[in-house]
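Colleague: Could you take one helix of this model and go through it closely? I would like to know which part of it is buried, and what lies against that part.

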Amino acid sequence: MMRLLEYKSKEILVKNGIPIPSSVLVSDLSHASFPLPAVLKAQVPIGGRQKAGGVVEVQTRQEAEAHLQRLLSSEVRGHPVESVLIEERVETTREFYLGITVDTVAKKPIAIFSTEGGIEVEETSKKNPNAVLKRHFPASTGLPEFRAREMISQCGIRGRLLLRLSATLSRLTAIFTRYDATIAEINPLAQTADGKVIALDCHMELDDDALFRHATLASLSQKSKQQKGHSEKGDFEKKAAEIDRLDQRGVAGRLIAFDGDLGLIIGGGGASLTAFDAVLRHEGRPANYCEIGGNPSVLKTKELTKLILSKPGVEKLAVIMNIVSNTRVDLMARGVIKGILESGRVPSETLAVFRIPGAWEEEGFKILRKYGVEYCDRTVSIDEAARIAVEKTRGNL
Amino acid sequence: MAILADANTKIIVQGITGREAVAFTRDMIDYGSKVVAGVTPGKGGQSVYGVPVYDTVLEAVTKHGADASVISVPPTRVRDAAIEALSHGIRLLVLVAERVPRRDTLEILEFAREKDARVIGPNTLGMINPHVVKIGMAGGPVANVKSAYTPGTVAIASRSGGMTTEIANLLTLNGIGQSTCISVGGDPVVGLNFLDLIPLFEEDPGTEAVVLFCEPGGVIEETLAEMVATRGIQTPIVAFVAGRFVDKMPGIRFGHAATIVEGNKGTTSGKIARFREAGIHVAERLDDIVTILKGIL
């Protein structure tokens, strides 16, 4: 899911009629003018900023500049701060929580309202369940204002505050739907001294699979992915992702490096989880996690094999998949063998196990026989294949 | 007996002229499924393995009638195709595509509830009632399906498409046949999930036990444990929970979009503990499913 930075989420709120404090976004120290006193907020795509020192209140310009300099050269919870939102400090009398997400059990979007904003709503929910109201609404229409009024009036809220809160909640459900959000939270939504409501913080995440409907926001996603790629992924994972992009056929690049001697080419998703657990249970030491599937090309499998074998300390390779119907066993066998040969290794010694039964298995097994590789058919379970791989890597078989 | 479909279920394929759809249409026909028509807008008048292709579901339904539709169109077009099928009275949809926008899934399910229809998927390989009917891609070509799936009394529901066939094969190798095998789909929100299926299996006289393949992420398993206890579900359930190592790596996304652990929610250890409390059998190794079933049946 793509988490929007606070300022971007707030742009969406304003555009849809939800008020926010006046503010200015800065990415360097040059001559920005801003109101004082102010709140400086590091723009990072992660929660818990306040506790990590990413939010500070300032009274004077001098103070503001000092903190700006510090924030812009720091990281908040592992994310480098590239911009800071300077917001007017708003005097508030009361704070509320508004949240929208999908209830995966009911399979409906759900609106959540609490009279106790500003803190963890889950905590409030446990301690004082009556203070947290929830209501499902249709994904196609959002929550109409009258429904929001029915909901919020249960808390004993009356008058203009009821109207303002209901309108805000209803608008937030419309935003949730319109922008294909998976989470849209305003926390806190504050009541000001003159009785208005204003969104002090906002957390929005959008559905990656719906970004094709939101071209402008999608371009932000590209940028943030590149930044993430530098900070979070190691070389091994990055190279694997490059292999996956070699062509369109199949998935072969989702790798996570571990510190072991047994390289894994495993798939599809469910079988990868199963095989990895099984290797650990037999006390094997995986060199990597991996998910392969969707009938990857010989080229992809070959390159992936080479990448894993190039990892220092990798002694053997285990190839384990569930019974395949779409992926072809012969193409997998060809890719793995080619990769081993091009790494200057001997297939029969390097392959601890090859267990892919299913489509085109006869052709696949023929290739493996030619290179003297032992293979397993569907009578050998994923668990047993993992055991064989671990034993062989230890030199016990 | 089994659930959801039988030998007389009339099936259409939306997006039938696509490469994948052509292949699984042939596989379904070879297996004995009644594929009565296909729909690809703009390609009406063609045929795929003798199955007539129409421009609209309306034409297909008017000429042939249909109970089920396999929707094999790109993710951006799934909503439109599903609403079209539901609008013309089709009561069982199989949504094959991965990466369907969440909102589209929710809107499809909303409309399906109005129409009293059932949806499998998205991100599913479909379902198989062994030797009777196969709807979707599950199992692949007929020879493969026949060697992995055999008729019997154990149902399978799996969050992984590939593992549906893997588990069926494991049971078949050990002389245990299956009633209905469903790949429920890998997304966080799918149509028929474990919570919907267990009551259907409970009512099915042809199902004596159910095997579930579970993954990290989401709270469906935890909710199922509650449901089994409160409703007094009698059908024995054997669950295998894959991806136990994921508990130690919170926040990293594995496999299906659903496989993400957030905080304390959705961990495999949590799911296993809830299952045990509710009297659901938990298989430590995949192979243990067989031992447990043999003790039950």
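Modeller: A residue is called buried if 20 or more other C-beta atoms, placed from the backbone, lie within 10 Å of its own, exposed if 12 or fewer do, and partly exposed in between. The model is predicted, so local features need pLDDT of at least 70 and side-chain atom pairs pLDDT 80 or more, while totals for chains, interfaces and linings use all residues. Residues are numbered from 1 along each chain as written, and chains are lettered from A, ligands numbered from 1, in the order written.

The helix is α8 of chain B, residues 220–231; helices (H or I, at least four residues) and strands (E, at least two) are DSSP runs numbered from the N terminus. Its 12 residues should span 16 Å at 1.5 Å a residue, and the end C-alpha atoms are indeed 16 Å apart. The expected span is 1.5 Å times one less than the number of residues.

In α8(B), B:Ile220, B:Glu221, B:Leu224, B:Ala225 and B:Val228 are buried. Viewed down the axis, they fall within an arc of 145 degrees, so they line one face of the helix; the arc is taken from the directions from the axis to the C-beta atoms. Against these buried residues pack α7 (194–203), β12 (209–214), β13 (237–241) and α9 (268–277), in chain B. After the helix comes B:Gly232, with a positive phi near 65 degrees.

Do not confuse it with α8 (269–281) of chain A. Chain A has 38 residues in contact (C-beta atoms within 7 Å) with 47 residues of chain B, and α8(A) gives the most to that side of chain A, nine residues.

How values were computed: Two residues are in contact if their C-beta atoms, placed from the backbone, lie within 7 Å.
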